[in-house]
Amino acid sequence: MTVMRALPATMSYAVGFGVSSFTAPPTHLRSRRFVIVKVSAEPSDKSVEIMRKFSEQYARRSGTYFCVDKSVTSVVIKGLADHKDSLGAPLCPCRHYDDKAAEATQGFWNCPCVPMRERKECHCMLFLTPDNDFAGDEQVISMEEIKELTVNM
Amino acid sequence: MLLASTPFSVYAPPKLLSPPVQPSPPLKTRDAATIFSTTTKSPISLLQSPPRRLLATPPPGKFLREDYLVKKFSAKEIQDLIKGERNVPLVIDFYATWCGPCILMAQELEMLAVEYESNAMIVKVDTDDEYEFARDMQVRGLPTLYFISPDPSKDAIRTEGLIPLQMMRDIIDKSL
């Protein structure tokens with residue numbers, strides 16, 4: 001289990017996360033109140049695999065299903081993997097945040113987010129209750145499907 | 001109501017890329033392994049090995065192709081649009097690269113753009129690129145749509161999340 005450390009906003013985030021693709025923000029931005037964490041182009045395969053397994057497991061556990069259109073599922077899984085790479089926690093990719101790092105530390109929107117845990121509400125359409133119009137009948141998704149459906153994103 | 005899972009296109013896309021070049025028959029096994037390998041190292045070694053030959057046409061970008069009607073705008077362009085003269089409603093779609101419902105929304109908006117043609121202006125903004133603009137517009141959930149009437153006295157309408165096509169039509173027709 002990853003130990004989250006609350007770092008002050010002005011510090012560089014290259015310390016402690018072990019992310020190979022992360023670069024420190026330019027000097028003129030470091031004095032700003034917020035550290036703007038840019039989304040990297042493509043998440044690592046390892047993170048995608050971790051989030052894929054998590055999604056399958058959580059769908060089984062919560063009795064929810066993936067979307068009929070698996071490209072939605074694939075994109076969200078990649079979004080979670082991307083945030084896991086850049087922030088250390090799988091922050092919900094379907095929200096806009098003032099300060100991503102602070103939100104990741106706070107944890108409300110870390111997948112599975114509080115609305116999902118409490119009310120099974122997933123606005124990302126990753127985990128859909130059976131009564132939802134968009135819900136399919138599958139709780140599995142393969143790595144090949146994810147790669148195929150997110151090619152050239 | 002289930003939406004189509006493939007992007008909607010009205011006409012055949014223009015051929016932006018040259019037709020695929022047939023690979024020469026005697027391929028060395030080492031080259032074949034490099035070319036068809038799925039590891040991330042292979043594109044780099046492929047680029048470094050001369051001479052470069054196009055063995056297969058790279059598939060075009062799926063959601064940001066040149067022939068898509070809904071164009072991506074920058075914050076400055078949007079602000080110029082809002083301040084300037086307009087006689088059609090403006091629809092702004094705030095999205096993010098890895099937001100799943102935003103993909104479905106983009107497909108719906110393409111259909112809407114075809115339907116309304118020049119009777120409505122539909123644009124999209126990447127919230128990862130235009131961070132400050134999204135913050136100023138108080139964008140929280142994605143996708144977020146802003147419907148801005150050409151009449152400056154009317155308030156803008158804002159919706160969060162995936163909404164049905166009919167609801168979007170109703171909002172545009174009402175504000176028009």
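**Figure 1. The disulfide of B:Cys99 and B:Cys102 in the predicted model.** The link between B:Cys99 and B:Cys102 is right-handed, with 80° about the S-S bond. The two sulfur atoms lie 2.4 Å apart. Both cysteines of this pair, B:Cys99 and B:Cys102, are buried. A search over all chains of the structure finds 1 disulfide.

**Figure 2. Cysteines of chain A around A:Cys92.** The cysteine sulfur closest to that of A:Cys92 belongs to A:Cys124, at 3.4 Å. No bond is assigned here because this distance is too far for one, the cut-off being 2.5 Å. For A:Cys113, the closest cysteine sulfur is that of A:Cys92, and at 5.9 Å it is likewise too far for a bond. A:Cys92 has a relative accessible area of 7% and is therefore buried. A:Cys113, with a relative accessible area of 8%, is buried because its value also falls under the 20% limit.

**Figure 3. The largest nonpolar core, with residues from chains A and B.** This core has 48 residues. Those with the most contacts inside it are A:Leu126 and A:Phe127 from chain A, and B:Ile92 and B:Phe94 from chain B. In chain A, the elements that give two or more residues to the core are helix H2 (45-62), helix H3 (70-87) and helix H6 (143-149). In chain B, they are helix H3 (75-83), strand E2 (90-95), strand E3 (121-126), helix H5 (131-136) and strand E4 (144-148). A second core, separate from this one, has 16 residues, among them B:Val70, B:Tyr116, B:Ile163 and B:Ile172.

**Figure 4. Surroundings of A:Leu126.** Leaving aside residues up to four places away in sequence, A:Leu126 touches A:Ser55, A:Tyr65 and A:Phe66. A:Leu126 also touches A:Thr73, A:Val76, A:Ile77 and A:Leu80. Within the largest nonpolar core, A:Leu126 is one of the residues with the most contacts.

**Figure 5. The open sheet of chain B.** Its 5 strands run in the order E1-E3-E2-E4-E5, and their pairing is mixed. Strand E1 (71-72) and strand E5 (157-160) stand at the edges; each has a single partner strand, so one side of each has no neighbour in the sheet. E1(B) pairs with E3(B) in the parallel sense, over 2 bridges. In this pairing, B:Lys72 stands opposite B:Lys124 of E3(B).

**Figure 6. Chain B as a whole, with its N-terminal residues.** Chain B contains 6 helices and 5 strands, which follow one another along the sequence as α-α-β-α-β-α-β-α-β-β-α. Of its 176 residues, 36% count as buried. Among contacts in chain B between residues at least 6 apart in sequence, 74% join residues at least 24 apart. The accessible surface of chain B is about 10,700 Å², with 58% belonging to carbon and sulfur atoms. The mean pLDDT of chain B is 75, and 62% of its residues reach 70 or more. Over residues 1-43 of chain B, pLDDT stays under 50, and the model has 42 contacts beyond four places in sequence for this stretch. For the complex, the predictor gives an ipTM of 0.71 and a pTM of 0.68.

Methods
Residues numbered from 1 in each chain as written. Chains lettered and ligands numbered in written order. Predicted model: local features only at pLDDT ≥ 70, side-chain atom pairs only at ≥ 80, totals over all residues. Heavy atoms only, no water. Core = buried A, V, L, I, M, F, W, Y, C linked by side-chain atoms within 4.5 Å. Buried < 20%, exposed > 50% of the residue type's maximum accessible area, 1.4 Å probe, protein only. Helix = DSSP H or I, 4+ residues; strand = E, 2+ residues; numbered from the N terminus. Contact = heavy atoms within 4.5 Å. Areas by Shrake-Rupley, 256 points an atom, 1.4 Å probe, with all protein chains shown as cover. pLDDT = per-residue confidence, 0-100. Pairing = 2+ DSSP bridges.
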